[in-house]
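Work through the exercises below with the sequence and the model open. Each task is followed by a solution in steps.

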Amino acid sequence: MSQSVRTRPDASGQALSEAYDTALLDLDGVVYAGGGAIEHAVGSLGTARAGGMRLAYVTNNALRTPDAVAAHLTELGIPAVAADVITSAQAVARLIAEQVPAGARVLVVGGEGLRVALRERGLEPVESADDDPAAVVQGFGGPELPWGRFAEACYAIARGVPWFASNTDLTIPSARGIAPGNGAAVEVVRIATGAEPQVAGKPLPPMHRESILRTGSRRPLVVGDRLDTDIEGAFNGGVDSLLVMTGVTDGAQLLAAPPQHRPTYVDVDLRGLLTGQPEVAAVDGGFRCGGWTARADGERLELDGDGSAPDGLRALCAAAWTVAGDGVCGLDAGKALARLGM
């Protein structure tokens, strides 16, 4: 993917599952939400795998181990093994291991996923600032994480121990709605200490490096639902991306995306892996995709025509991103998106 400013989604004459060797799939909001499979995910991933595409599951959630994630996917009807799963816990454990002595102790504020990843790197998880840790690592610990764990992190950081975070996602999707993520917990420690952690997860390079090292992919496609982690991570890694509209990103956020948050492709859900992507063509001062034409008209975006919602959204992206250039589109898109049911 070129790092020049993207002003419209790309076209693909091939199904994306044929054009790319590996799908680097986010989990929450892409494959499942609140533990249950998202509609069309199981069938779409099965077809992509049967056609020869490798599926790797790349998640910023450091709570669960790769074995647990793979077991959950398999239960949902998506066969997977631990080697198919890459977590921010693994990425941050590698980052720590490169900076502390072999066998060093690491104070853990988080769940079992972090502990397993640290042991994989030969590091020893500990629970207290008084255990002489060489580093502090913080990852999502779930709703039962005791408040005292944050205090232990603060005590160690105040003594000069380096601080690492698996990721800084402020929110995570759940079956009941949007919940606080690890980034919210990181803010607690940041406010208390004034320190800044080294962060491994998406959209930063350590997570992309971990994914490529573990998959050996030569032509990966990042598939995600978040602009500020999945899509920006693909941008930072110089690889193509597919945004699916099954998670946290809505149409208005997509149209207002700055250059680093603009995906290569846009589709409703994971069925987008199994198809080509239509061209978005410049026509008569606007942009046409399928039966839709989008234009910037004064203070708003206009959408004329009829057809599938994804085509209309792609046309609107082109109009919005062209107006924005290397900035952010501030035009009103409410009526246009309402025509698409968004």
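## Exercise 1: A residue in a strand

Task. Locate isoleucine 178 and decide whether it is buried or exposed.

Solution. Isoleucine 178 sits in strand S11, which covers residues 177–180. The model is a predicted one. The relative accessibility of isoleucine 178 is 55%. The cut-off for exposed is over 50%, so isoleucine 178 counts as exposed. Next, take its C-alpha distance to glycine 247: the two residues are 69 positions apart in sequence and 9.9 Å apart in space.

## Exercise 2: Overall form

Task. Compare the radius of gyration of the protein with that of a compact globule of 342 residues.

Solution. For 342 residues, a compact globule would have a radius of gyration near 20 Å. The protein has 21 Å, which agrees. Along the principal axes, the C-alpha atoms fill a box of roughly 70 × 45 × 35 Å. The secondary structure consists of 12 helices and 19 strands. Of the 342 residues, 54% are buried. Among contacts with a separation of 6 or more, 69% are between residues 24 or more positions apart.

Task. Describe the surface and the charges of the protein.

Solution. The accessible surface is about 13800 Å², and carbon and sulfur atoms hold 51% of that area. The protein carries 28 positive and 41 negative charges. The mean positions of the two sets lie 2 Å apart.

## Exercise 3: Aromatic pairs

Task. How many aromatic pairs are there, and how are their rings arranged?

Solution. Rings pair if their centres lie within 6.5 Å, and the count by this rule is two. One pair joins tyrosine 20 and tyrosine 265, with 6.3 Å between the centres and 75° between the planes. Planes over 60 degrees apart count as edge-to-face, so this pair is edge-to-face. Tyrosine 20 is in the loop between helix H1 (16–19) and strand S1 (22–25), while tyrosine 265 is in strand S15 (residues 265–267). The pair therefore ties together parts that are 245 residues apart in sequence. Both tyrosine 20 and tyrosine 265 are buried.

The other pair is formed by tryptophan 147 and phenylalanine 150, again edge-to-face, at 5.3 Å centre to centre and 80° between the planes. Both residues belong to helix H6 (residues 147–158) and are three residues apart, about one turn of the helix. Tryptophan 147 is exposed, at 63% relative accessible area. Phenylalanine 150 is buried, at 10%.

## Exercise 4: Two helices and their surroundings

Task. Determine how many residues of helix H4 are buried and what follows for the helix.

Solution. Helix H4 spans residues 88–97, and nine of its 10 residues are buried. The buried residues are Ser88, Ala89, Gln90, Ala91, Val92, Ala93, Arg94, Leu95 and Ile96. Helix H4 is therefore largely enclosed by the rest of the structure.

Task. Which elements do the buried residues of helix H5 pack against?

Solution. Begin with the buried residues of helix H5 (residues 112–120): Gly113, Leu114, Arg115, Ala117 and Leu118. These pack against H4, strand S6 (105–109), S7 and S8. Just after H5, glycine 122 has a positive phi of about 80°.

## Exercise 5: Backbone exceptions

Task. Which peptide bond is cis, and where does its proline lie?

Solution. The cis peptide bond joins lysine 202 and proline 203, with omega at about 10°. Proline 203 lies in the loop between strand S12 (198–199) and helix H8 (205–215).

Task. Place histidine 40 and aspartate 132, and give the phi of each.

Solution. Histidine 40 has a phi near 75°, a positive value in a residue other than glycine. Its loop runs between strand S3 (36–37) and H2, and at 33% relative accessibility histidine 40 is partly exposed. Aspartate 132 has a positive phi near 55°. Aspartate 132 is in the loop between strand S7 (124–126) and strand S8 (135–138), and it is exposed at 63% relative accessible area.

## Exercise 6: A separation in space

Task. What distance separates the C-alpha atoms of threonine 47 and alanine 129?

Solution. Threonine 47 is part of helix H2 (residues 41–50) and is partly exposed, at 46% relative accessible area. Along the chain, threonine 47 and alanine 129 are 82 residues apart, and their C-alpha atoms are separated by 49 Å.

Key
Residues numbered from 1 in each chain as written. Predicted model: local features only at pLDDT ≥ 70, side-chain atom pairs only at ≥ 80, totals over all residues. Heavy atoms only, no water. Helix = DSSP H or I, 4+ residues; strand = E, 2+ residues; numbered from the N terminus. Rg over C-alpha atoms; globule rule 2.2 N^0.38 Å. Buried < 20%, exposed > 50% of the residue type's maximum accessible area, 1.4 Å probe, protein only. Contact = heavy atoms within 4.5 Å. Areas by Shrake-Rupley, 256 points an atom, 1.4 Å probe, with all protein chains shown as cover. Lys, Arg positive; Asp, Glu negative; His and termini not counted. Charge placed at Lys NZ, Arg CZ, Asp CG, Glu CD. Phe/Tyr/Trp six-rings, centres within 6.5 Å; stacked < 30°, edge-to-face > 60°.
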